[in-house]
Amino acid sequence: MAIQVTTETIKKALIEQEFKLYYQPKVSMVTGKLCGAEALIRWQTPEGEIIPPDQFIPVAEQSELICEITQYVFRQLIIDYSLIGAINENIKVSFNASGKDFHNDHLTTLIVNAINSKLIEPHQFEIEVTETVLIDEEHAKAQLNTLSNLGVAIAMDDFGTGHSGLVELTKWPFSILKIDRSFVVSINKSNKEREILQATIRMAHQLSMDVVAEGIEDEATYRVLQEYGCKTAQGFWISKPLPLTQFVCFVRDYNDLSAMPIGLIYMAQLDHIQWKKNIIDTALFLHSSNENRSLDNVRGCPQLDHKKCKLGQWYYNEGANFKHIPVYAQLEKVHCELHQIGADLLQLAQNKCSMETLSSAIQQLTEKSMSVLYDLQLLENYLHIDQYKLDDK
Ligand code: C2E
Ligand code: MG
Ligand code: MG
């Protein structure tokens with residue numbers, strides 16, 4: 001490397017505008033469509049040499065210089081987005097910020113001003129932060145909460161490399177979990193490691209976080225992660241990071257991957273089983289309680305609105321990809337009936353009905369629940385058959 005990486009040379013490069021943003025595409029594993037890109041910085045020297053970020057970001061992170069870099073990246077991203085968004089308005093662009101960026105409100109103010117001036121909208125970009133943000137907890141949390149309340153999605157980057165657990169992270173406004181490449185490759189290791197990965201994805205789902213898998217280098221890994229219920233994919237198998245002009249061509253010429261949201265059907269099945277167990281547990285608790293409790297006073301009371309329970313959230317969002325299949329409409333009817341039975345069951349339990357009436361209501365709920373599971377199974381079968389047809393072509 002001809003250039004010495006020091007604070008001084010980085011400062012000079014910022015003034016000379018030698019930093020460029022590359023974009024690495026992200027694909028929705030639910031629809032197979034392009035859904036985003038991560039902006040990744042490169043230092044392009046006047047001699048044409050490209051210096052990767054891991055050779056200068058750690059130097060910049062030792063001082064406040066990193067904040068100048070992040071602000072530069074965000075400003076550049078806004079400019080680039082006017083081109084990217086014009087070609088595909090569904091693409092969200094994420095950028096990396098460092099923990100130091102949230103020790104004061106400079107970055108937050110820059111972002112808030114950009115949003116208020118309509119230079120970019122909150123749903124058009126995401127911020128990726130690593131565990132370094134957890135260091136100055138009080139300040140960082142306040143900044144991230146401000147941004148999150150504005151509708152900006154915040155991702156925990158490189159999950160699986162640090163020490164923090166998922167439960168701790170739920171105290172922060174993270175709505176996305178980016179699983180690090182080193183964790184993703186555990187798919188090719190032992191059964192135990194695969195199961196940890198699978199359980200992590202499941203847990204993130206339960207905590208209402210979307211999971212992005214980084215570093216997908218082959219189709220087999222992509223398919224396994226899709227089965228595990230991962231929603232978004234990023235990696236060399238889809239594309240390496242590209243300079244803006246090449247990225248724009250990539251977006252323009254992209255052919256959708258096959259949609260195979262199988263993992264989310266498994267999640268929906270599990271969510272449903274959990275919901276049903278929850279309803280029965282709540283009914284038994286209410287029935288046996290000496291007090292007359294209202295549902296608001298029951299800890300962990302299941303969601304009674306069929307559009308808001310986890311199955312309902314899936315149904316009206318990602319599940320809508322099955323709209324063209326007759327069983328999709330049928331599932332809605334059965335699911336609504338199930339919720340009515342669930343609400344009636346809780347009402348009966350609150351009114352201290354006889355044990356016989358309670359048992360019969362539980363039986364009715366169980367039977368309807370089997371119909372829900374049956375319809376979900378039909379959707380799953382449909383996907384498998386569809387996949388065969390695609391593989392045959
Ligand atoms: P990151 O944010 O986790 O970004 C993902 C890194 O993984 C990128 O490396 C990307 O090129 C690489 N990658 C993605 N898919 C694959 C794959 O399938 N195989 C392999 N081997 N690698 C893959 P990159 O661009 O070298 O960036 C490295 C790190 O530098 C980033 O990790 C991020 O922590 C940091 N970085 C990059 N740009 C910025 C920036 O603008 N600001 C800050 N603060 N950090 C940045
Ligand atoms: Mg990142
Ligand atoms: Mg990462």
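Which residue bridges the magnesium ion (ligand 3) and the magnesium ion (ligand 2)? Aspartate 157 does, and the two ions lie 4.1 Å apart.

Before I continue, colleagues, a word on conventions. This is a predicted model, in which local features need pLDDT of at least 70, side-chain atom pairs count only at pLDDT 80 or more, and totals for chains, interfaces and linings use all residues. Residues are numbered from 1 along each chain as its sequence is written, chains are lettered from A and ligands numbered from 1 in the order in which they are written, and side-chain values use heavy atoms, with hydrogens and water left out.

Let me take the metal sites in turn. Donors here are N, O and S atoms within 2.8 Å of the metal (3.2 Å for Na, K and Ca); water is not among the atoms, so sites may look incomplete. For the magnesium ion (ligand 2), the protein donors are Glu38 (OE), Asn96 (OD1), Glu128 (OE) and Asp157 (OD), at 2.1 to 2.2 Å. Their spacing along the chain is E-x57-N-x31-E-x28-D. This site links distant parts of the chain: glutamate 38 belongs to strand β2 (residues 34-44) and glutamate 128 to strand β5 (residues 125-129), 90 residues apart. Strands (E, at least two residues) and helices (H or I, at least four) are DSSP runs, numbered from the N terminus.

For the magnesium ion (ligand 3), Asp157 (OD) and Asp158 (OD) serve as donors together with Glu214 (OE), which is listed twice, at 2.0 to 2.5 Å. The spacing in this case is D-D-x55-E.

I turn now to the domains. An automatic or database domain assignment supplies the bounds: domain 1 covers 7-255 and domain 2 covers 264-392. Their C-alpha centres lie 35 Å apart. The contact (heavy atoms within 4.5 Å) takes 11 residues from domain 1 and 9 from domain 2.

How much area do domain 1 and domain 2 bury between them? The value is about 990 Å², 52% of it on carbon and sulfur atoms. Buried area is the accessible area (1.4 Å probe) that two parts lose on being put together, summed over both. Val30, Arg202 and His205 supply 47% of the area that domain 1 buries against domain 2, more than any other three residues.

Arginine 202 also forms a salt bridge with aspartate 271, the closest N and O atoms being 2.9 Å apart. There are 2 salt bridges between the domains, each a side-chain nitrogen of Lys or Arg within 4 Å of a carboxyl oxygen of Asp or Glu. Helix α8 (residues 191-206) gives the most to the side of domain 1 that touches domain 2, with 4 residues.
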